[in-house]
Amino acid sequence: MGIGWSIHRNDGWRGQLECVRRWHARTIQAAQTGSPDLRDFIFVFFQNCYHLREWLQQTSTIPAADVDQFFNQTKELRLCRDICNGTKH
């Protein structure tokens with residue numbers, strides 16, 4: 001259902017990367033200020049990091065198999081996957 005369009009689609013993977021950067025900045029600020037939102041921001045940051053993978057797979061610039069291989073071989077990105085899946089399900 002729906003119109004098949006979202007505001008996030010306009011910027012593709014680059015828009016998702018910018019979202020990751022914004023959540024990173026929010027997380028750092030929350031850590032510095034002792035915000036009670038820090039835990040939530042950490043989870044959202046890691047979820048958005050991992051979802052960048054899906055955005056990259058949608059591009060024809062990088063083969064999906066290469067994106068998967070990179071995420072599977074990178075310890076930090078596997079951690080993003082585990083935190084993302086653990087906090088969403």
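## A salt bridge between two helices

In this predicted model, the side chains of R53 and D68 form a salt bridge, in which the closest N and O atoms are 3.1 Å apart. This pair links distant parts of the chain, since R53 belongs to helix α2 (residues 38-57) while D68 belongs to helix α3 (residues 64-73), and the two residues are 15 residues apart.

The two partners can also be described by how much of each is accessible. R53 has a relative accessibility of 16% and therefore counts as buried, because the cut-off for buried is under 20%. D68, with a relative accessibility of 26%, counts as partly exposed.

## The other salt bridges

How many salt bridges does a search of the whole structure find? The search finds 3, and one of them is the pair of R53 and D68 described above.

Another salt bridge joins R21 to E18, with the closest N and O atoms 2.7 Å apart. Both residues lie in helix α1 (residues 12-33), and because they are 3 residues apart there, about one helical turn separates them. R21 counts as partly exposed, at 48% relative accessibility, and E18 also counts as partly exposed, at 36% relative accessibility.

A further salt bridge is formed where the side chains of R81 and D82 meet, at a distance of 3.1 Å from N to O. R81 has a relative accessibility of 24% and so counts as partly exposed, while D82, at 44%, counts as partly exposed.

## How α1 and α2 are arranged

Helix α1, which holds the pair of R21 and E18, also meets helix α2. The axes of these two helices come within 9 Å of each other and cross at roughly 165°. Why are α1 and α2 described as roughly antiparallel to each other? The reason lies in the crossing angle of roughly 165°, because angles over 145 degrees count as roughly antiparallel. The crossing in which α1 passes α2 is left-handed.

On the α1 side, the residues that make the contact include W13, L17, V20, W23 and A30, and on the α2 side they include L38, F41, I42, F45, L52 and W55. When the residues of this contact are divided by type, 16 are nonpolar, 6 are polar and 1 is charged. Among the contact residues of α1 is R26, and because Arg counts as charged, R26 is the 1 charged residue in that division.

Conventions
Residues are numbered from 1 along each chain as its sequence is written. This is a predicted model: local features need pLDDT of at least 70, side-chain atom pairs count only at pLDDT 80 or more; totals for chains, interfaces and linings use all residues. Side-chain values use heavy atoms; hydrogens and water are left out. A salt bridge is a side-chain nitrogen of Lys or Arg within 4 Å of a carboxyl oxygen of Asp or Glu. Helices (H or I, at least four residues) and strands (E, at least two) are DSSP runs, numbered from the N terminus. Buried means under 20% relative accessible area, exposed over 50%, partly exposed in between (1.4 Å probe, protein chains only). Axes are lines fitted to C-alpha atoms, for helices over the stretch in contact, and angles run from 0 to 180 degrees between N-to-C directions. A crossing is left-handed if the near helix is turned anticlockwise from the far one by less than a right angle, and right-handed if clockwise. Contact means heavy atoms within 4.5 Å.
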